[in-house]
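Student: I should like to go through this structure term by term. Please set each value against its definition before drawing a conclusion.

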Amino acid sequence: MTSILWMDGHDRPVSDILAQDLLPRARRGLAAVGADRCEIDHWLGIIDARLERPRTGAHWQRAWVEHHGADMRSLVAAYLEHQRGGRPVHTWTLD
């Protein structure tokens, strides 16, 4: 887990900084400028959920190859299908 020196002078995991400091600040800031609560919940909710299940496109690709083998044509087809579905990567399955 990646840690950085934070404003409090302590090394803290980036995921903790995001969850405990930056996301709450972003939520308050967006609300203060009148952003729609549903929009705030939707977009920041994606980041929050990603913190609970950290998966990037590269993680998904490696897991897909482990599950299906090195058929790159099928990997790209599956990747595009998931991408067109509009869901965040951390929700993608390996089907």
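Tutor: Let us begin with Arg12, which touches Thr2, Ser3, Ile4, Trp6, Ile17 and Gln20, not counting residues up to four places away in sequence. Contact here means heavy atoms within 4.5 Å. The model is a predicted one: local features need pLDDT of at least 70, side-chain atom pairs count only at pLDDT 80 or more, and totals for chains, interfaces and linings use all residues. Residues are numbered from 1 along each chain as its sequence is written, and side-chain values use heavy atoms, with hydrogens and water left out.

Student: Why is Arg12 called buried?

Tutor: Buried means under 20% relative accessible area, exposed over 50%, and partly exposed in between (1.4 Å probe, protein chains only). Arg12 has a relative accessible area of 17%, so Arg12 is buried.

Student: Where does Arg12 lie?

Tutor: Arg12 belongs to strand S2, residues 11-13. Strands (E, at least two residues) and helices (H or I, at least four) are DSSP runs, numbered from the N terminus. From Arg12 to Val89 the C-alpha to C-alpha distance is 25 Å, with their positions 77 residues apart in sequence.

Student: Why does Asp36 count as partly exposed?

Tutor: The relative accessibility of Asp36 is 45%, which lies between the two limits, so Asp36 counts as partly exposed. Asp36 is found in the loop between helix H1 (14-32) and H2. Asp36 and Ala70 are 34 residues apart in sequence, and their C-alpha atoms are 44 Å apart in space.

Student: How do you know that Glu52 and Arg73 are exposed?

Tutor: Glu52 has 66% relative accessibility, and therefore counts as exposed. Arg73 has a relative accessible area of 73%, so Arg73 is exposed too. Glu52 lies in helix H2 (residues 37-52), and Arg73 lies in helix H4.

Student: What separates each of these two residues from a partner elsewhere in the chain?

Tutor: Glu52 and His90 are 38 residues apart along the chain, with C-alpha atoms separated by 9.2 Å. Arg73 and Arg50 are 23 residues apart in sequence, and 27 Å apart in space, C-alpha to C-alpha.

Student: What makes a set of residues a nonpolar core?

Tutor: A nonpolar core is a set of buried Ala, Val, Leu, Ile, Met, Phe, Trp, Tyr and Cys residues joined through side-chain atoms within 4.5 Å. The largest one here has six residues: Trp60, Trp64, Leu75, Ala78, Val89 and Trp92. Helix H3 (57-68) and helix H4 (72-85) are the elements that give two or more residues to this core. Within the core, Ala78 touches Trp60 and Trp64; Ala78 also touches Asp95, not counting residues up to four places away in sequence.

Student: How does the radius of gyration of the protein stand against that of a compact globule?

Tutor: The radius of gyration is taken over C-alpha atoms, and the globule rule is 2.2 Å times the number of residues to the power 0.38. A compact globule of 95 residues would have a value near 12 Å, but the protein has 17 Å. Along its principal axes the C-alpha trace spans about 45 × 35 × 15 Å.

Student: What is the overall pattern, and how much of the protein is buried?

Tutor: The protein has four helices and two strands, in the pattern β-β-α-α-α-α along the sequence. Buried residues make up 18% of the 95 residues.
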